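Hi,

Here is the structure I promised to send over. Have a look at it first, and then read on for what turned up.

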Amino acid sequence: MKGFEQQAEVVRQKSLVLQSECDQNITIIESSANAQAYFLKELAKSVASTNTLEMQSYVYSQAIDLLGFSQEEFSEYLFLRSVKDKDDATVVVGVDSAMIQVKG
């Protein structure tokens with residue numbers, strides 16, 4: 001009987017080793033999959049950003065041509081447009097030099 005008990009214990013130990021190896025392989029596979037997923041997500045973001053910038057550049061060049069603006073005029077237009085789109089923005093126009101006094 002002792003021989004069967006020893007054989008059973010050997011089988012149990014081998015099963016535990018196999019289970020441990022399987023768990024280790026699962027961890028490695030999950031880590032690799034997570035790394036690949038992260039890489040693909042970041043790559044997609046990069047491609048999307050590049051496409052967006054290329055399209056903006058194309059649209060801006062078309063707008064410059066259509067409106068007949070110089071690069072400087074178009075930059076000023078974009079700046080003023082961005083200020084206009086902000087609810088809490090304030091623009092002071094025509095002030096070459098100003099003296100500001102703040103009282104506490």
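How far apart in helix α1 are Glu9 and Arg12, in residues and in helical turns? The two are three residues apart, so about one helical turn separates them. I start there because Glu9 and Arg12 form a salt bridge, with 3.0 Å between the closest N and O atoms. Before going further, please keep in mind that this is a predicted model.

First, the overall picture. The protein chain has two helices and zero strands. Helix α1 covers residues 2-67, and helix α2 covers residues 71-84. Of the 104 residues in the protein chain, buried ones make up just 3%. The chain exposes about 9,800 Å², and 58% of that comes from carbon and sulfur atoms.

Back to the salt bridges: a search of the whole structure finds three. Here they are, one by one.

- Glu9 and Arg12: Glu9 counts as partly exposed because its relative accessibility is 35%. Arg12 is partly exposed too, with a relative accessible area of 45%.
- Glu42 and Lys45: the closest N and O atoms of this salt bridge are 3.3 Å apart. These residues are again three apart in helix α1, which puts about one helical turn between them. Glu42 has a relative accessible area of 29% and is therefore partly exposed, while Lys45 is partly exposed at 45% relative accessibility.
- Asp85 and Arg81: here the closest N and O atoms of the salt bridge are 3.7 Å apart. Arg81 has a relative accessible area of 39%, so Arg81 falls in the partly exposed class.

Now for the surface. Which residues make the nonpolar patch of about 390 Å²? They are Phe39, Leu40, Leu43 and Val47. Leu40 sits in helix α1. Is Leu40 buried or exposed? Leu40 has 54% relative accessibility, and the cut-off for exposed is over 50%, so Leu40 counts as exposed.

Next, how the helices sit relative to each other. The axes of α1 and α2 come within 10 Å and cross at roughly 110°. Angles of 65 to 115 degrees count as roughly perpendicular, and α1 and α2 are therefore roughly perpendicular to each other. As for handedness, the crossing of α1 and α2 is right-handed.

One residue of α2 deserves a look while you have the model open: Phe74, which lies in that helix. Is Phe74 buried or exposed? Phe74 has 5% relative accessibility, so this residue counts as buried; the cut-off for buried is under 20%. You may also want to display Phe74 together with Ser61: they are 13 residues apart along the chain, and their C-alpha atoms are separated by 9.6 Å.

To recap, please check three things on your screen: the salt bridges, three in the whole structure; the patch made by Phe39, Leu40, Leu43 and Val47; and the right-handed crossing of α1 and α2.

Cheers

Terms used. Residues numbered from 1 in each chain as written. Predicted model: local features only at pLDDT ≥ 70, side-chain atom pairs only at ≥ 80, totals over all residues. Heavy atoms only, no water. Helix = DSSP H or I, 4+ residues; strand = E, 2+ residues; numbered from the N terminus. Buried < 20%, exposed > 50% of the residue type's maximum accessible area, 1.4 Å probe, protein only. Areas by Shrake-Rupley, 256 points an atom, 1.4 Å probe, with all protein chains shown as cover. Patch = residues over 30% accessible without salt bridge, like charges linked within 9 Å, V, L, I, M, F, W, Y side chains within 5 Å. Salt bridge = Lys/Arg side-chain N within 4 Å of Asp/Glu carboxyl O. Axes fitted to C-alpha atoms, helices over the stretch in contact; angles between N-to-C directions. Parallel < 35°, antiparallel > 145°, perpendicular 65-115°, else oblique. Left-handed = near helix turned anticlockwise from the far one by under 90°.
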